[in-house]
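Got your viewer open? Let's take a walk through this model together, one selection at a time.

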Amino acid sequence: MSKQDDFSRRGFLTATGALLGTAALGAHSPAARAAAPISSGAHVAALVVGTGYGGSVAALRLAEAGVNVHLIEMGQAWDTPGPDGKIFCNTREPDYRSYWLRTRTKAPLNYFLGFPIDRDIPRHAGILDAEEFGGITVYQGRGVGGGSLVNGGMAVTPRRENFAAVLPSVNPDEMYATYYPRANAALGVGTVDPAWFDTTACYQYARVGRKHAQRSGFPFVFVPDVYDWNYMKQEAAGTVPQSALAGEILYGNNHGKKSLQKTYLARATATGRVTVSPLHRVTSVAPAPGGAYTVVIEQLNTTGDTVATKTVTADRVFFAAGSVGTSKLLVKLKATGALPALNGEIGKGWGDNGNVMCGRANHLWDPTGALQSAIPCCGIDNWAAGGAFAEVAPLPTGIETFASFYLSITNNPHRAQFSWNGAAGKVELNWQTAWKQPSIEMAKSIFDKINSKEGTIYRTDLFGVYKIWGDHLTYHPLGGAVLNKATDNYGRLTAYPGLYVIDGALIPGNTTVNPFVTITALAERNIERIIAADL
Ligand code: FAE
């Protein structure tokens, strides 16, 4: 038995033991509790940086192919209840669990009735990172499961006619015949029961959104989601603990949502070949003698301090730290000489998926409901005519707001670049807030018309004092290591055999809809080829 096999076997045994020992802990436990933190000096066959969609797909498929995998995740395992008996806090009462190493919340929608709603919190390795660059705040999930922990679960396959703009070098036939269906099945995607939608109080806001869209002649679509729709029906009936109906979304979901912990990661861990190290952050990857890679990893505590620095060797490294995380690592490693032969496309082609938010003030005879499901289920598709797809989003405040709220995904043409600032010792992004103007114009193609038809106005109290547009943020970072540019057409960093990108960094800035199904499907496509050709 080789040294590597020996290490891998020990990881296998530890993982299996941990899995069996915690199987009764509940839905969130298996993937995370399999963690046997990686040891300094270990040699692993495949090291995956990050546990979001790309990392989870890589882990499952490599493990199924017989490869031992170690997942390194900077965030927490999210498998242990807090003092209130819940793993996650809700949007109305953000506490220490809510934000990644901040002392004050930074809510995406940060004003209400013109008053700021952010509050002080203890610094903690919380679940949502509001990462601030010069011109934009990029929201990302932190923990085992990545963005699946905090997102709305909207699981949207782009329209086929738009796919060439999303991934120009990828064959759409194989994506729509094989990889999108594979991703949707493994993620557990489903759609709300239309009859229930028509009657339940928790989607009154969405029915108002539908009515207004249709009266202005816009196509209204139901949007699939990974939330367990039967569970939501039971929430509404009062027979199970509430989650979507209790304002749980942005800081995690205690029930109902099929995050990656319950899907890909649970399956990956069940193979016995996958080990997870939460609260571990990869800081360097560099060639080691013999064709492997030396990986430097910081172990963190829950207040974000580095408590140990570990050096391990990996035969293959998969960058799955998300668009921002992967781009930051690769840009730094190229500039500082660890991976100098990475090509000149590294860091380029980053976009915000055209995200822009707004609210509309409805008439008093058009209430949107005090009870709102935190899981969106429908949208307005004006992509072809106006360059915008607007999800009808909840405002789960628990009170009647008479507001309709929307997150629009728009065809914004701007792309930004990450670069290394040696003096500051950090990676910067050159996005400018003014670049959101095309997104605002595209969103207005929908909402100006609806306002005109309904005799309504925009809300001006949700993003500041008299500020209509939420144009300072994105939920959907994409690009920075674009497929077939920074990598080959399957995510290989060809200057360094054995290094791969397998997350949202591959996608050139826009998916025309919410991105995680495309990230998952592309990862499925790429890992299949990598396993067949490289392993
Ligand atoms: P991601 O899921 O971000 O995972 C990357 C992981 O790597 C994270 O867990 C990081 O903590 C970890 N990491 C980063 N750097 C390091 C490092 N150096 N060492 C170790 N670990 C590291 O990447 N998308 C949809 O399709 N539908 C939605 O409804 C939706 N709603 C959203 C709502 C919110 C509030 C947010 C923030 C996002 C939403 N998204 C939605 C976007 C979606 O979650 C995102 O595109 C994917 O999670 C990106 O997947 P990746 O695999 O690229």
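Start with the ligand: 37 residues surround it, and the closest are E73, G147, M154, G504 and F516. Keep in mind as you look around that this is a predicted model.

**Stop 1: the ligand's polar neighbours.** Select G52, G143 and P515 and show their backbone atoms. A polar backbone atom of P515 sits 3.1 Å from an oxygen atom of the ligand. For G143, a backbone N or O atom is 3.3 Å from a ligand oxygen, and for G52 a polar backbone atom is 3.5 Å from an oxygen of the ligand. Now try a surface view: the ligand taken alone exposes 1000 Å², and the protein buries 95% of that.

**Stop 2: the elements around it.** Which helices and strands each supply at least two residues of the shell around the ligand? Colour helices α3 (53-64), α10 (322-335) and α13, then strands β6 (137-141) and β9 (280-287), and you have them.

**Stop 3: S56.** Stay with helix α3, where S56 lies. Is S56 buried or exposed? With a relative accessible area of 0%, it falls under the 20% cut-off, so S56 counts as buried. A polar atom of its side chain is 2.7 Å from the backbone oxygen of G52, the residue you met beside the ligand. Setting aside neighbours within four places in sequence, S56 also contacts T51, L260, Y264 and L265.

**Stop 4: A164.** For a contrast, jump to helix α4 (residues 163-166), the home of A164. A164 has 55% relative accessibility, so it counts as exposed. Draw a distance between the C-alpha atoms of A164 and S56: they are 26 Å apart, with the two positions 108 residues apart along the chain.

**Stop 5: the nonpolar cores.** In soluble globular proteins, nonpolar side chains tend to be buried together. Here the largest nonpolar core has 91 residues, and L47, V317 and F319 have the most contacts inside it. Helix α13 (residues 516-534) gives the most to this core, with 8 residues. Zoom in on V317: beyond residues up to four places away in sequence, it touches L47, V49, V285, Y293, V295, G498, L499 and Y500. There is a second, separate core of 63 residues, and W78, I87, Y231 and L407 are among its members.

**Last stop: the annotated domain.** Select residues 136-331, where an unreviewed UniProt entry places the feature "domain: Glucose-methanol-choline oxidoreductase N-terminal". Over that stretch the chain is 32% helix and 21% strand, and its end C-alpha atoms are 19 Å apart.

Note on methods. Residues are numbered from 1 along each chain as its sequence is written. This is a predicted model: local features need pLDDT of at least 70, side-chain atom pairs count only at pLDDT 80 or more; totals for chains, interfaces and linings use all residues. Side-chain values use heavy atoms; hydrogens and water are left out. UniProt positions are given in the numbering used here, feature names are shortened, and annotations may be inferred rather than shown by experiment. Helices (H or I, at least four residues) and strands (E, at least two) are DSSP runs, numbered from the N terminus. A nonpolar core is a set of buried Ala, Val, Leu, Ile, Met, Phe, Trp, Tyr and Cys residues joined through side-chain atoms within 4.5 Å. Buried means under 20% relative accessible area, exposed over 50%, partly exposed in between (1.4 Å probe, protein chains only). Contact means heavy atoms within 4.5 Å. A residue is near a molecule or strand if one of its heavy atoms lies within 4 Å of it. A polar contact is a pair of N or O atoms within 3.5 Å; within protein, one must be able to donate a hydrogen and the other to accept it, and residues adjacent in sequence count only if both atoms are side-chain atoms. Accessible areas come from the Shrake-Rupley method with a 1.4 Å probe; for residues, only the protein chains shown count as cover.
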